[in-house]
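Colleague: I am new to this structure and would be grateful for a close look at a single part of its surface. Please take the nonpolar surface as the starting point, and then relate that part to the rest of the chain.

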Amino acid sequence: MASLQDIATSAYINLLSMLMFLLGFAFLRLQPINDRVYFPKWYLKGIRESPNKSGTLVKKFVNLDLKTYLFFWNWMPAALRMPESELIDHAGLDSVVYIRIYLLGLKIFVPIAILSFAVLVPLNCTGKTLDDIKDLTYSNIDKLSISNIPSGSFRLSAHIIMAYVFTFWTCYVLYKEYEIISDKRLEFIASENRRPDQFTVLVRNIPPDSDESVSEHVEHFFSVNHPEHYLTHQVVYNANKLAKLVKELKSWQNWLSYYETRFERNPKKRPRTKTGLWGLFGKSVDAIEYHKTEIEKIIQEEIDEREKVISDPKSIVPAAFVSFKSRWGAAVCAQTQQSRNPTLWLTEWAPEPCDVYWDNLAMPYVQLTVKQLIIAVTMFFLTFFFMIPIAFVQSLASIEGIQKVLVFLRPLIRMKRVKSVVQGFLPGIALKMFTASLPTILVQMSKMEGHTCHSALDRRTAGKYHLFILVNVFLGSIITGAAFDQLYAFLNEAPSSIPKTVGVAIPMKATFFITYIMVDGWAGIAAEIIRVVPLIKFHFKNTFFVKTKQDKEEAMDPGSLCFATTEPRIQLYFLLGLVYSVATPIILPFILVFFAFSYTVYRHQIINVYDQNYESGGRFWPDVHRRIIISLILSQVLLMGLLSTKNAAKSTPLLLVLALFTIWFHIFCKGRFESAFVKFPLQEAMKKDTTERAKEPKLDLKAYLRDAYVHPALIGAEIERPAAVDEEEKNPLVSTKRRISKSSSGSFGAEDAIEELLSYL
């Protein structure tokens, strides 16, 4: 159990780490040689030029203007200065909605912290309960929690009242924020420029036809069922192997550039490499000639594979991107059922071209369902078995546990200063290390589920990660922590006293979470801004691979907001704040520092660094809202259980009503706002179509959409394309290659034509 001195020591270490990271960032970002690392977004927009183009040799690498070092902190006010409307134009709505999550945290917890410290902390501090319980491990911080309130005390009514106040305030802020975000989304969609995904739907599970190809079948189906709005389509090719060859070719070309650069700098010695694994094993050969030979082989393989994909009908998967003449037509198709069989002709809004995850488009519908079931089972066992390392981390949360697990450290731990460092810093860093590899595993699991776009992959991965954090990091830490810390008390007291001990022990885990907040939310966020890995990668590529200006731009690694991992981490802080706001309010200042610091850092990164891979228009906000509601309900349930150990059983109906109110509030918000995030209103679609036709009456939409949804590995190749649809065509019949049974007279009559037409209905 971390004491007040241990917490102070941890705060000192993490604040020192923050300061070192911030000073390092302030120095590195001012150096001309690092300008593309810390301001890549402006280079990608073509606004910023390299400061090392002119001046002496030294000035090209080092900033010699001492005045700039005196204002090293000016990046903070600069990050907060850009108006939100300008930030949306600069970085997109997804980025703005993301940083508003941190702002939401401040809106919720600043008033809650003020009330908690004004009302609850004085009440908790003057209690005497912990001093009267024998064989219970606690610290001075725990005296500020609800655990220090006597059982059955009238003071507990203040905690119930505050639970109501905090819930109503949180719901009010959530409602207003949901309203703001939904309005911003609709405004963004109405004002954004023309994009291919506004006119296109993704069609999956196209039924096979023995007489027609997939392309012909798609054309006929939509020409019949959407005759006035269908424009064109692009079938999907299974070019996954070709894409791997293209990627492999790029890698070989990069290494060839590296060896050629080495040879240019030292012409007397030709570089050599080995033909085995990683160039470390096998026969030693001339590196340049070897890579040229391998590149020629891969180019030939790429040509052969491209011809195979284009010519083989089996390479066309039962999916297609279908485009319409208007946004209204696309909205109708994307939001309606196309066939009497709900498993065929499945339609959804097409992601923007850069958001498409091509590997999963080739996945059959049946295989998709089976894989989703397998992933669900795998997720269950992963969550269950990860309790083992969580339990190990909790054994490090007390000094006695550390001595039992790490026996060789006993002499060192007995030193007072070392003891404070170990207990105040080690548990938080250990938990962060154990969970570091988890996001990568969850991303791969989400990819196997068959999602067709990166934004959906991120949302699904975030859902898995949030579940893991909720069950393992939060509940696992409390349950295993309580069991380990109070094991002696369990074995030596009456069974009727065990629930009381557990109830008292749960708020005490706040000390562990405080250390984790400082490691992950303070020092971890400060480490984000210094960008150590991109800095090293840029200078390595710039030294060995860069030859042209384009090479230098490719060497930049602006990165992007990793919503799949960062948003669930933010949710942990919402959960901790809501759960402990009544039980142990001392945790709230640490959470407020996290939200304020993170808001500033990520605003700076969004303005100067990150370049988003896709734009979903804040599509993920309903998930954010729902997870905060889950945290709020969980805080009410835990408070209900905690008060039951305080002989306050009469409070259970009151808190149960509060939980039911929260559930009703979520249902209300879902019905009021969520449709704006999953559907495109036909009224807005028609309005935008009408405006565009008035401004650009001669727009050639078919030419605009021609190559929008061609697989990146097939761009420039001669692939199968549908014939143009003549808008003046009045003949309702659609040509087909189907074999039609003739009438008794041996001719193709009107009845046969009607039968053919009905076959697509």
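Modeller: Helices and strands are here runs assigned by DSSP, with at least four residues for a helix and at least two for a strand, and they are numbered from the N terminus. The model itself is predicted.

The part in question is a nonpolar patch on the surface, made up of Tyr12, Leu16, Leu19, Met20, Leu23, Leu70, Phe71, Phe72 and Trp73. Together these residues have about 950 Å² of accessible area. Helix H1, which covers residues 4-28, gives the most to this nonpolar patch, with 5 residues. Another member, Phe72, is placed in the loop between helix H4 (66-70) and helix H5 (75-81). Phe72 counts as partly exposed because its relative accessible area is 34%, a value that also passes the requirement of over 30% for patch members.

For the setting of this patch, the whole chain may be considered. The protein chain exposes about 36700 Å², of which carbon and sulfur atoms supply 62%. Of its 761 residues, 50% count as buried. The secondary structure comes to 33 helices and 6 strands. Among contacts in the chain with a separation of 6 or more, 81% are between residues 24 or more positions apart.

The surface also carries a charged patch. Glu248, Glu301, Asp304 and Glu307 form a negative surface patch. Helix H12 (residues 287-311) gives the most to the negative patch, with 3 residues, and Glu307 is found in helix H12.

Charged side chains also meet in pairs, and the structure holds 22 salt bridges. One of them joins Glu84 and Arg100, with the closest N and O atoms 2.9 Å apart. This pair links distant parts of the chain, since Glu84 belongs to helix H6 (residues 84-91) and Arg100 to helix H7 (residues 93-125), 16 residues apart. Glu84 is partly exposed because its relative accessibility is 23%, whereas Arg100 is buried because its value is 7%. The two residues also take part in a network of salt bridges, in which Glu84, Arg100, Lys107, Glu177 and Lys184 are linked.

A second salt bridge is formed by the side chains of Glu449 and Arg460, at 3.4 Å from N to O. This pair, too, links distant parts of the chain: Glu449 is in the loop between helix H19 (438-448) and helix H20 (454-485), and Arg460 is in helix H20, 11 residues apart. Glu449 is buried because its relative accessibility is 4%, while Arg460, with a relative accessible area of 41%, is partly exposed.

A third salt bridge brings together the side chains of Glu567 and Arg627, at 2.6 Å from N to O. Its partners lie in distant parts of the chain, with Glu567 in helix H26 (residues 563-583) and Arg627 in helix H28, 60 residues apart. Both Glu567 and Arg627 are buried. Helix H28 spans residues 621-644 and includes Ser631. Ser631 counts as buried because its relative accessibility is 1%. Apart from its neighbours within four places in sequence, Ser631 is in contact with Gln571, Leu575 and Leu578.

Helix H9 (residues 156-191) offers a further point of comparison with the surface, as it holds Val165. Val165 is partly exposed because its relative accessibility is 32%. The C-alpha atoms of Val165 and Ile112 are separated by 8.7 Å, and the two residues are 53 residues apart along the chain.

Two loop residues deserve attention for their backbone angles. Most residues other than glycine have a negative phi. Asn205, which is not a glycine, has a positive phi of about 55°. Asn205 is placed in the loop between strand S1 (200-204) and helix H10 (214-225). At 19% relative accessibility Asn205 counts as buried, because buried means under 20%. Arg531 likewise is not a glycine and has a positive phi of about 55°. Its place is in the loop between helix H23 (510-530) and helix H24 (532-544). Arg531 is buried because its relative accessible area is 6%.

To return to the part requested, the nonpolar patch draws 5 residues from helix H1, and its member Phe72 comes from the loop between helices H4 and H5.

Key: Residues numbered from 1 in each chain as written. Predicted model: local features only at pLDDT ≥ 70, side-chain atom pairs only at ≥ 80, totals over all residues. Heavy atoms only, no water. Patch = residues over 30% accessible without salt bridge, like charges linked within 9 Å, V, L, I, M, F, W, Y side chains within 5 Å. Areas by Shrake-Rupley, 256 points an atom, 1.4 Å probe, with all protein chains shown as cover. Salt bridge = Lys/Arg side-chain N within 4 Å of Asp/Glu carboxyl O. Lys, Arg positive; Asp, Glu negative; His and termini not counted. Charge placed at Lys NZ, Arg CZ, Asp CG, Glu CD. Buried < 20%, exposed > 50% of the residue type's maximum accessible area, 1.4 Å probe, protein only. Contact = heavy atoms within 4.5 Å.
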